[in-house]
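Work through these exercises with the structure open beside you. Try each task before you read its solution.

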Amino acid sequence: MSQYSEYTNEQVHTMDKAHVWHHLTPAAAAEKGMPLYVKGEGLHLWDADDNCYLDASAGGVWVTNVGYGRKAIVDAISEQLMELNYFAGSMASKPAAVFASRLLEKMPGMGKVFYSSSGSEANEKAFKMVRQISHKKYGGKKRKILYRERDYHGTTIAALSATGQSQRRDHFGPFVPDFVEFPHCFEYRSQFGDVEDYGIKAAQLMEEVILQEGPDTVGGVIIEPITAGGGVILPPEGYMAEIQRICRKYDILLIVDEVVCGLGRTGAWFGYQHYGIQPDIVTMAKGVASGYAAISCTVTTDAVYQMLQEDNGDKLGFFRDISTYGGCLAGPAAALANLNIIEEEGLIANCAHLGEVLLQGLHALKEKYPMIGDVRGKGLFCGIELVLNRETKEPVDEAVAIQIVNACKEAGLLIGRTNRSFETFNNILNMSPALCITAEQIEDILNILDRVFAKVTL
């Protein structure tokens, strides 16, 4: 019998309203009562009133890559926790060793895996690595970390310091010094108008910032391979290679934040692998264990690892860092089972193929509804930008995006949107269904979106 069996749904809702502080939710919304989901299977969720939803948001924040109800992952966690649930990450363990080895097989050129428990924490580790290398190699001078306008890298103060979304940052400053923003690479809203070499020009905007700050002061650059919460923005042609070239030119570590894109979301194991670059550090979380356990990884090249070791008698020369729940063995046990499912069921190929089907269907909706200004995506990671006028590209108010998301939910479909991220650009809908989606479920998503858009008025 479940330990919750004695409580009615009404009692749970009452306790929730009285005691739970919900993420990204103002009190007025919480007082109306939050959805109470009680069961998941595949891409479907059921609420306490037995309403069924097709989840095209992967748990609301791009997490459940292999879907709900995966007994193989639950069994792997249970078996590991009964055998040994925890010891600090300063010691070896079977799941940590085996998962790291299997993960690195998918990441040629990378060499070491540092475990922690969230994407924000994974990025914090990367920032600390850059700062420590600055002290060890450059007398502390090469300490600045550049981040890109519109990218999001986490919720802690240092991660927010590296986040290019104004409404995410408002009221939380002052921020950590020596994080510096450079311009976006969003071709739909090009800084240069309609140009053929936009990707190169956008990357060189970063070089201009490096030169303004002083190349001898910049130690790292962090980017998302595809900007997620900032609008599902793909890098334009030539952009990533130029970013890497600039980083190599000025001896700057390239950090790729794969917290959303990693573990198959884009139709490759990692988003950066579409663009032929070799990062120095890669961070990941979310889809690593598809939400069955808390785990994140900061993966480095062997060269970065070697720079963070003792040398010349410096007893403080190694990376002196710990993550308490980086030692919880549920994480790598779940991640290994998750990786096995992705491989055994061919989910990378399924994502690439059905992602194209979804994108084609969204383009068809764009032809039908003038409100859709742009459609973009890669794999099962797609965005719809809503505008008042296609010529001016004036964004709709976020209330319109909220209206569409709510109407989809009423029709049994869960999608996402930019959520209080920008002053004027909270106008983007996003879809990220589990990688095990079927062609029939893609059709269901498109049909519901079609019906919803047919009823929306501006």
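**Exercise 1. Lysine 286**

Is lysine 286 buried, partly exposed or exposed? Then find its place in the chain and check its phi.

Solution. The model is predicted, so all values here come from a predicted structure.
- Step 1: Take the relative accessibility of lysine 286, which is 25%.
- Step 2: Compare it with the cut-offs: buried means under 20% and exposed means over 50%.
- Step 3: Lysine 286 therefore counts as partly exposed.
- Step 4: Lysine 286 sits in the loop between β9 (281-284) and β10 (296-300).
- Step 5: Its phi is positive, about 25°, although lysine 286 is not a glycine.

**Exercise 2. The loop between α8 and β6**

Find the backbone features at histidine 171 and proline 174.

Solution.
- Step 1: Recall the usual case. Most residues other than glycine have a negative phi, and most peptide bonds are trans.
- Step 2: Locate the residues. Histidine 171 is in the loop between α8 and β6. Proline 174 is in the loop between α8 (166-169) and β6 (179-182).
- Step 3: Read phi of histidine 171: it is positive, near 80°.
- Step 4: Look at the peptide bond from glycine 173 to proline 174. It is cis, with omega near 0°.
- Step 5: Judge the exposure of histidine 171. Its relative accessibility is 82%, so histidine 171 counts as exposed.

**Exercise 3. Two buried polar side chains**

Which partners do the side chains of histidine 153 and arginine 189 have?

Solution.
- Step 1: Place histidine 153 in the loop between β5 (144-148) and α7 (157-161).
- Step 2: Its relative accessible area is 1%, so histidine 153 is buried.
- Step 3: The side chain of histidine 153 makes a polar contact with the side chain of aspartate 257, at 2.7 Å.
- Step 4: Beyond four places in sequence, histidine 153 also touches other residues, including Tyr147, Ile223 and Glu224.
- Step 5: Turn to arginine 189, in the loop between β6 and α9 (198-213). Arginine 189 has a relative accessible area of 17%, so it is buried.
- Step 6: A polar atom of the arginine 189 side chain lies 2.6 Å from the backbone oxygen of lysine 393. Among the other contacts of arginine 189 are Arg150, Glu385 and Phe425.

**Exercise 4. Isoleucine 255**

Which residues does isoleucine 255 touch, leaving out those up to four places away in sequence?

Solution.
- Step 1: Find isoleucine 255 in strand β8 (residues 253-257).
- Step 2: Its relative accessibility is 0%, so isoleucine 255 counts as buried.
- Step 3: List the contacts: Ala126, Val130, Val221, Ile222, Ile223, Ile281 and Thr283.
- Step 4: Take isoleucine 223 from that list. Its C-alpha atom is 6.5 Å from that of isoleucine 255, though the two are 32 residues apart along the chain.

**Exercise 5. Helices and cores**

How do α5 and α12 cross, and how many residues has the largest nonpolar core?

Solution.
- Step 1: The axes of α5 (residues 94-105) and α12 (residues 330-344) come within 8 Å and cross at roughly 35°. The crossing is left-handed.
- Step 2: Residues of α5, including Val98 and Phe99, meet residues of α12, including Leu336 and Leu339. By class, this contact has ten nonpolar, one polar and two charged residues.
- Step 3: The largest nonpolar core has 95 residues. Val299 is one of those with the most contacts inside it.
- Step 4: Apart from that core lies another of 18 residues, among them Ile133 and Phe179.

Methods. Residues are numbered from 1 along each chain as its sequence is written. This is a predicted model: local features need pLDDT of at least 70, side-chain atom pairs count only at pLDDT 80 or more; totals for chains, interfaces and linings use all residues. Side-chain values use heavy atoms; hydrogens and water are left out. Axes are lines fitted to C-alpha atoms, for helices over the stretch in contact, and angles run from 0 to 180 degrees between N-to-C directions. Helices (H or I, at least four residues) and strands (E, at least two) are DSSP runs, numbered from the N terminus. A crossing is left-handed if the near helix is turned anticlockwise from the far one by less than a right angle, and right-handed if clockwise. Contact means heavy atoms within 4.5 Å. Ala, Val, Leu, Ile, Met, Phe, Trp, Tyr, Cys and Pro count as nonpolar, Asp, Glu, Lys and Arg as charged, and the others, Gly among them, as polar. Buried means under 20% relative accessible area, exposed over 50%, partly exposed in between (1.4 Å probe, protein chains only). A polar contact is a pair of N or O atoms within 3.5 Å; within protein, one must be able to donate a hydrogen and the other to accept it, and residues adjacent in sequence count only if both atoms are side-chain atoms. A nonpolar core is a set of buried Ala, Val, Leu, Ile, Met, Phe, Trp, Tyr and Cys residues joined through side-chain atoms within 4.5 Å.
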